[in-house]
Amino acid sequence: MGQLFAVEIIYRGVFQKTLAKNITRGIVLAAHNEGKLGISFGRYGDAPERNGIPAKSFAIIANDEQTLEAGMAQYEPKHVDLTVVLDDTLCKGAESWAWYGLQPVHHALKSGHTLIVVSLQDAPTLLKTIHRREEPYKLGILKGVTSFSGMWVYKDDHTDVRVLGAIAKALPELVSLKSVEKFITEKLKNSLKVTSTQTAYQRFTAVDVKPGKGNPEELFNFELLPWENMRNGVSIPGQPQGGPYADPVTKQTGGFRPARNELFKKYSTRTQRPVVNFSTCTKCTLCWLDCPDASFDVTPDGTYDANLEACCGCGICEAVCPVKDCVTMVNESLFHDNDSQWVRYKKDPHTYLKWLEKTIEMAEPDEKRSHGFRYRGQYQEQLPEALEVARKG
Ligand code: SF4
Ligand code: SF4
């Protein structure tokens, strides 16, 4: 049996699909330059992805056919030699295919191996989000804005080749920088991209993360019923409707909270979240009506609270709210829980509104996120900023 390598790329479904595919394809073609064999594939052969949902692409590399076949005998690798996370908000956990609940991003990473995250944040900040584990690993940050393109366009901001440069540095046994350069020169025919990959290679460093270091949060998880405990026959339980709930201060019940799927937490799709100013909300209902995921709870006050276990972060509520700054989308990296904003507001309106002001202020100079192209020319506007960050490293 020869040597086998597995690399997984964790990306945002639809928004980063082409980027992830280009990276895994690049690994395989660069490895060919060393006489290795490989295959790249997405978890979703038939692409049932929804916008933003955590998804994975893989590259499996071996130095002989038999080893490659053995490596491909499993649907997805249980252990990987390298994990790359293309959007740092995914560090909160990924809901893997055929898996209910969230898994830490280093779930499959072998002990001592490297987790690469594309991010503007530093390692200590990212470790507030990345979950603890018992085995040591290395955390490497490829400095860069998160590359989103949307479904039909590919934002060629060199993230693909920069990641390949970082991979060559983190795992030279898989593929050397020389082989990556050869792949870019011969297949992509772009000398500027060769420079980008070389720069990323030179600047890439990783820090050691000791066992037990990181976010102590227990990820949402549950046991699936063993088959012998399942009900006989086929029956589909009716969907409960939901109902009123209690004000945390007055204890009076009112409003309406719809019943939601307990087994699928949509928040892992989110890169931004809405923050709501309950003191200026006019109760116009537009956010509630237009939210595609029915994420708003109608509070006993008659205001609207974005339920953060259900919100997928699409930003529609911010767009439709007619009151200035009443709903603001803020980068998800700034938050570490999904607690109700309305409950916090009710318990202490003054402190909540101060927090709200500060949070929006903090978010302002932060990376502006956009999942796609909402207007003609947005691509051209975003590209120079992304290239500048890549240049400075
Ligand atoms: S961002 Fe707003 S509209 Fe979109 S899912 Fe969340 S609450 Fe609903
Ligand atoms: S759209 Fe804005 S003003 Fe209208 S109910 Fe929602 S948060 Fe309140």
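Biologist: What span should helix α5 (residues 177-188) have at 1.5 Å a residue?

Modeller: The expected span of a helix is 1.5 Å times one less than its number of residues. For the 12 residues of α5 that gives 16 Å, and the end C-alpha atoms lie 15 Å apart, so the two agree. This is a predicted model, in which local features need pLDDT of at least 70 and side-chain atom pairs count only at pLDDT 80 or more, while totals for chains, interfaces and linings use all residues. Residues are numbered from 1 along each chain as its sequence is written, chains are lettered from A and ligands numbered from 1 in the order in which they are written, and side-chain values use heavy atoms, with hydrogens and water left out.

Biologist: Which residues of α5 are called buried?

Modeller: Buried means under 20% relative accessible area, exposed over 50%, and partly exposed in between (1.4 Å probe, protein chains only). In α5, L177, S179, V180, E181, F183 and I184 are buried. Their cover includes α1 (17-32), α4 and α6 (191-203), judged by contact, meaning heavy atoms within 4.5 Å. Just after α5, K189 has a positive phi of about 50°.

Biologist: What makes α4 mostly covered?

Modeller: Of its 12 residues, 10 are buried. Among them are T159, D160, V161 and R162. The length check holds too: α4 should span 16 Å at 1.5 Å a residue, and its end C-alpha atoms are 16 Å apart, which agrees. Helices here are DSSP runs (H or I, at least four residues), as are strands (E, at least two), numbered from the N terminus.

Biologist: What is the order of the strands in the sheet?

Modeller: The 7 strands run β2-β3-β1-β4-β5-β6-β7, with mixed pairing in an open sheet. Two strands pair if DSSP finds at least two bridges between them.

Biologist: Why are β2 (37-42) and β7 (206-209) called edge strands?

Modeller: Each pairs on one side only. The twist from one strand to the next averages 20°.

Biologist: How many bridges join β1 (residues 4-12) and β3 (residues 54-62)?

Modeller: The count is 9, and the sense is antiparallel. I9 stands opposite S57 in β3.

Biologist: Which strands does helix α2 (residues 65-72) touch?

Modeller: Helix α2 packs on the sheet against β1, β2 and β3, and its direction makes about 20° with that of β2. Helix α4 (residues 159-170) packs on the sheet too, touching β4 (80-85), β5 (109-119) and β6 (137-143), at about 155° to the direction of β5. Axes are lines fitted to C-alpha atoms, for helices over the stretch in contact, and angles run from 0 to 180 degrees between N-to-C directions.

Biologist: Why does N277 count as buried or exposed?

Modeller: Its relative accessibility is 14%, so N277 is buried. N277 sits in the loop between β10 (272-276) and α7 (286-290). Leaving out residues up to four places away in sequence, N277 touches D325, C326, L353 and L356.

Biologist: And what class does E388 get?

Modeller: At 32%, E388 is partly exposed. E388 belongs to helix α11 (residues 378-392).

Biologist: How many residues of each class surround ligand 1?

Modeller: The shell has 9 nonpolar, 3 polar and no charged residues. Ala, Val, Leu, Ile, Met, Phe, Trp, Tyr, Cys and Pro count as nonpolar, Asp, Glu, Lys and Arg as charged, and the others, Gly among them, as polar. The residues around ligand 1 include C291, C311, C314 and M329; a residue is near a molecule or strand if one of its heavy atoms lies within 4 Å of it.
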